[in-house]
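Hi,

Here is the structure I said I'd pass on. Have a look at it first, and then read my notes below.

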Amino acid sequence: MHGVKMKYDITVENILNIYENEISKNIKNKNKIYNFERNKMQNVCDIIDMLMAGNIGHEMYNIFLIYEPKCRLVMSLPVKDKIINHFITRYSLEKNLTKYLDIRNCATRKNMGTDYAIKLLKKYIEINKTKYKEFYVLKIDIKKYFYNIDHRILKKQLKEDLNDYEYDLISKIIDTTNSSYINRTINYFKNKYNVDVPIYEEGKGLPIGNMTSQFLSIYYLYKLDFFIVHELHLKYYVRYMDDFIIISHDLDHLKSAKEIIKDKLLKEYNLEAHDKKTMISKCNNGFSFLGYTFKIINNKTIIKIKRSNYEKIKRKVKEAKHMLQHNLISYNKAFCKIMTYSNIYRYCDNIKILNIIERYFYYGK
């Protein structure tokens with residue numbers, strides 16, 4: 001019976017598990033947590049009633065800008081709606097759709113994030129180094145991916161893979177980007193702060209920040225992943241959201257594949273590849289992926305972080321030093337704050353990062 005299967009999961013235990021293990025730990029505004037906790041069991045019962053009635057809430061996002069790693073929009077939900085969003089992701093999207101996702105499709109899933117993507121790419125590089133004297137890398141980047149995901153195409157896929165009840169819930173969340181107040185808020189930010197933030201076209205885009213959006217963004221192109229690996233026979237392939245890396249020793253095949261994929265993106269997904277960021281590179285000329293640059297020199301894999309990231313680290317170290325000098329944070333907190341960069345960029349030689357920390361934190365030059 002349509003909808004019954006997921007409704008079995010709508011229990012007090014599951015809702016509390018989502019709240020306590022995923023929501024309460026990650027909300028910085030403790031007043032929101034306090035207000036929810038005051039009537040926690042009543043709130044949980046309200047959430048259950050909403051889900052049983054097919055109501056997802058999501059009537060108003062708190063929209064704001066963040067500036068790291070670059071200026072972008074975030075759309076935050078009230079606690080109840082956030083719990084519903086996480087619940088639908090865990091008990092509908094992940095439960096029913098994960099089976100369609102290729103292992104080369106990274107991001108969002110547990111143990112399959114940035115670290116996994118970097119390790120997988122390194123593995124594919126080593127395989128190709130062993131097999132071939134030289135090889136090539138096709139990098140594809142999609143223009144404004146989150147903002148251009150087509151609702152009609154996405155819903156058609158979901159209709160095939162979900163029951164009616166689940167499809168209806170998720171469709172309601174997808175359609176929230178059509179609310180006029182969102183673009184009014186974006187235009188306000190653009191005018192006031194002179195920021196380059198895209199607006200939402202009718203029937204396009206996913207809410208930035210939702211857990212459902214994170215999963216749907218890796219699900220949207222799953223058939224293309226299959227096509228690249230099994231139809232184009234390009235198995236040395238890694239995708240992180242909208243960032244594609246494909247490795248092959250056959251340059252002509254890679255050139256052909258590039259045009260086929262671009263055409264497929266446009267015609268089947270209504271997405272456009274970014275011309276300046278879509279290119280084929282020789283392995284010894286290097287390419288960038290997830291904040292790193294990779295280059296093969298004398299059969300050795302050289303991994304560095306991008307120059308712009310060094311500047312960001314320098315700025316953050318100076319900020320930590322300033323906050324420490326003005327007693328805004330403790331020494332331990334400042335130290336932990338800056339040393340995270342050594343861990344974040346652990347796949348490259350950290351000497352330069354440590355030199356920046358030593359120079360700008362300890363000596364303050």
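Keep in mind that this is a predicted model. I looked at three helix pairs and at the internal cavity space.

Let's begin with helix H14 (residues 307–325) and helix H16 (residues 351–362): their axes come within 9 Å of each other and cross at roughly 30 degrees. Angles under 35 degrees count as roughly parallel, so H14 and H16 are roughly parallel to each other. Their crossing is right-handed. On the H14 side, the contact is made by Tyr310, Ile313, Lys314, Val317, Lys318, Ala320, Lys321 and Leu324. H16 answers with Lys352, Ile353, Ile356, Ile357, Tyr360, Phe361 and Tyr362. Sorted by class, that gives eleven nonpolar and four charged residues, with no polar ones.

Next, go towards the start of the chain and find helix H2 (residues 12–23) and helix H4 (residues 40–52). These two pack at an angle of about 115 degrees, and their axes are 10 Å apart. The range for roughly perpendicular is 65 to 115 degrees, and H2 and H4 are therefore described as roughly perpendicular to each other. This crossing is right-handed too. From H2, the residues in the contact are Val12, Ile15, Leu16, Tyr19 and Glu20. They meet Lys40, Met41, Val44, Ile47, Ile48 and Leu51 in H4. The class count here is nine nonpolar, no polar and two charged residues.

The third pair is helix H8 (residues 151–161) with helix H9 (residues 164–174). Their axes come within 10 Å and cross at roughly 160 degrees. Anything over 145 degrees counts as roughly antiparallel, so that is how H8 and H9 run relative to each other. H8 passes H9 in a right-handed crossing. His151, Leu154, Lys155, Leu158 and Lys159 of H8 make the contact with Asp164, Tyr167, Ile170, Ser171 and Ile174 of H9. By class, this contact has five nonpolar, two polar and three charged residues.

Now for the cavity space. How many cavities of 30 Å³ or more are there? The count comes to one. The largest cavity has a volume of about 30 Å³. Which residues line the largest cavity? They are Lys5, Asp9, Tyr91, Lys95, Asn96 and Glu166. Helix H5 (residues 79–97) gives the most to this lining, with three residues. The lining has four charged residues, along with one polar and one nonpolar.

If you have the model open, I'd go through the helix pairs in the order above and then turn to the cavity. Shout if anything is unclear.

Cheers

Methods: Residues are numbered from 1 along each chain as its sequence is written. This is a predicted model: local features need pLDDT of at least 70, side-chain atom pairs count only at pLDDT 80 or more; totals for chains, interfaces and linings use all residues. Side-chain values use heavy atoms; hydrogens and water are left out. Axes are lines fitted to C-alpha atoms, for helices over the stretch in contact, and angles run from 0 to 180 degrees between N-to-C directions. Helices (H or I, at least four residues) and strands (E, at least two) are DSSP runs, numbered from the N terminus. A crossing is left-handed if the near helix is turned anticlockwise from the far one by less than a right angle, and right-handed if clockwise. Contact means heavy atoms within 4.5 Å. Ala, Val, Leu, Ile, Met, Phe, Trp, Tyr, Cys and Pro count as nonpolar, Asp, Glu, Lys and Arg as charged, and the others, Gly among them, as polar. On a 1 Å grid over the protein atoms alone, a cavity is a set of points where a 1.4 Å probe fits but cannot get out, and a pocket is an open set with protein on both sides within 12 Å along at least five of seven lines; lining residues have an atom within 4 Å of a point. Grid points are joined across faces, edges and corners, and a volume is the space filled by probe spheres set on the points.
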